[in-house]
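Colleague: Could you pick out one part of this model and take me through it closely? I'd like to know what sits beside what.

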Amino acid sequence: MAWFKRQENEIEAPNDGTGKTVRTEGLWTKCEGCKQFIFKAEMEANQMVCPKCGRHFRLDARGRIAQLLEPGYELVDLELKSTDPLEFADFKRKLAQAQAETGLNDAAVNAVGKLGPHPVVVSASEFSFIGGSVGSVVGEMIARAIDRSLAARHALLIVSASGGARMQEGIASLMQLAKVSAGLAQLDDEGIPYISVLTDPTFGGVSASFAMLGDLNVAEPGALIGFTGARVIEQTLRQKLPEGFQRSEFLLEHGMLDAVVPRKEMKGYLERALTFMRAA
Ligand SMILES: [Zn+2]
């Protein structure tokens with residue numbers, strides 16, 4: 001088999017004595033959709049959507065909020081920290097690492113501001129923080145966002161990107177899903193709009209609770225949304241799953257979502273929806 005394998009993976013630098021190397025790493029990124037190399041700056045200018053094939057890449061929580069809200073918004077509720085209640089193996093280290101990498105205390109960012117003319121409260125998941133997992137802190141942050149919505153009677157927007165409940169916090173994580181769902185029922189009683197925006201990926205307890213409880217459940221194109229992974233389902237059912245299963249377009253077709261909206265049109269879409277809901 002060695003015949004077919006390249007023994008040397010290194011591309012040799014030209015031996016012209018200049019010792020010059022061209023640094024291109026970090027400037028380009030390969031799109032997983034169309035396999036083309038895209039200039040990173042171009043991708044960022046295009047809201048992290050591939051300019052060639054339209055594939056939506058993940059966006060961090062702060063970037064998401066900046067994209068949706070008018071300038072002058074305020075980030076809030078960022079001071080809470082997880083206490084590692086179960087002393088779960090390696091959790092403290094993972095938490096510290098995620099905190100150092102993201103500059104956040106946990107996997108969500110709350111903000112108050114305006115979306116177009118509408119004052120709103122936003123809670124956005126940070127997927128790069130332990131998979132956007134919902135533990136006691138994220139649950140409490142969403143609960144506080146709900147409280148802010150209730151107090152000011154401003155619409156609530158939750159942008160999800162999460163693997164689900166945080167296993168390292170055990171039952172304390174699962175309880176957050178019930179707590180948040182109860183809070184959302186209160187918003188419903190008060191007639192305050194709640195819009196859920198599901199982005200890639202939205203899984204587990206998050207898709208099984210608050211992400212699907214919006215007055216409107218809107219997803220980004222191509223987002224993977226489900227309860228458990230396709231491989232686990234296939235192995236359990238011993239059946240091949242249909243093409244595109246768990247993608248937002250498939251879920252829209254099967255009545256699980258209200259709309260699939262491209263990132264560029266999302267803000268305008270949400271603004272129109274809020275105008276409509278406020279008038280109703
Ligand atoms: Zn592409």
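Modeller: Sure, one bit of vocabulary first: a residue is buried at under 20% relative accessible area, exposed at over 50%, and partly exposed in between (1.4 Å probe, protein chains only). The model is predicted, so local features need pLDDT of at least 70 and side-chain atom pairs pLDDT 80 or more, while totals for chains, interfaces and linings use all residues. Numbering starts from 1 along each chain as its sequence is written, and side-chain values use heavy atoms, leaving out hydrogens and water.

A quick try-out of those words: Phe37 has 54% relative accessibility, so it counts as exposed. Phe37 belongs to strand E2, residues 37-39 (helices, H or I, have at least four residues and strands, E, at least two; both are DSSP runs numbered from the N terminus).

Now the part I'd zoom in on: the sheet. Seven strands make up an open sheet with mixed pairing, and their order is E3-E4-E5-E6-E7-E8-E9 (a pair takes at least two DSSP bridges between strands). At the edges you find E3 (74-76) and E9; each has a single partner strand, so one side of each has no neighbour in the sheet.

Start with E4 (residues 108-115) and E5 (residues 118-125): they run antiparallel and are joined by eight bridges. If you want a spot to click on there, Gly113 sits opposite Val120 in E5. Helix H2 (residues 61-68) packs on this sheet and touches E3, E4, E5, E6 (155-162) and E7, where a contact is heavy atoms within 4.5 Å.

Then slide across to E8, residues 216-219, where Leu216 and Val218 point one way, Asn217 and Ala219 point the other way, and all are buried. On one flank, E7 (residues 194-202) runs parallel to E8, with four bridges between them. E9 (residues 259-260) also pairs with E8 in the parallel sense, over two bridges. Ala219 is a handy landmark in E8: Leu198 stands opposite Ala219, and Ala219 also stands opposite Val260 in E9.

While you have the edge strand E3 in view, follow the chain into the loop after it. Glu79 lies in that loop, between E3 and helix H3 (91-102), and pairs with Arg144 of helix H4 (residues 136-152), 65 residues apart. The two form a salt bridge whose closest N and O atoms are 3.5 Å apart (the rule is a Lys or Arg side-chain nitrogen within 4 Å of an Asp or Glu carboxyl oxygen). Glu79 is exposed because its relative accessibility is 52%, whereas Arg144, at 28%, is partly exposed.

Another pair, Asp84 and Lys92, also makes a salt bridge, with 3.5 Å between the closest N and O atoms. Here Asp84 is buried at 6% relative accessible area, but Lys92 is exposed at 57%.

Back on H4, Glu140 meets Lys179 in a salt bridge at 2.8 Å, N to O. Lys179 is in helix H5 (residues 170-189) and Glu140 in H4, so this pair ties together parts that are 39 residues apart in sequence. Both ends are partly exposed: Lys179 has 32% relative accessible area and Glu140 has 25%. Through shared partners, salt bridges join Glu79, Glu140, Arg144 and Lys179 into one network. By the same rule, the total is 15 salt bridges.

Terms used:
Axes fitted to C-alpha atoms, helices over the stretch in contact; angles between N-to-C directions.
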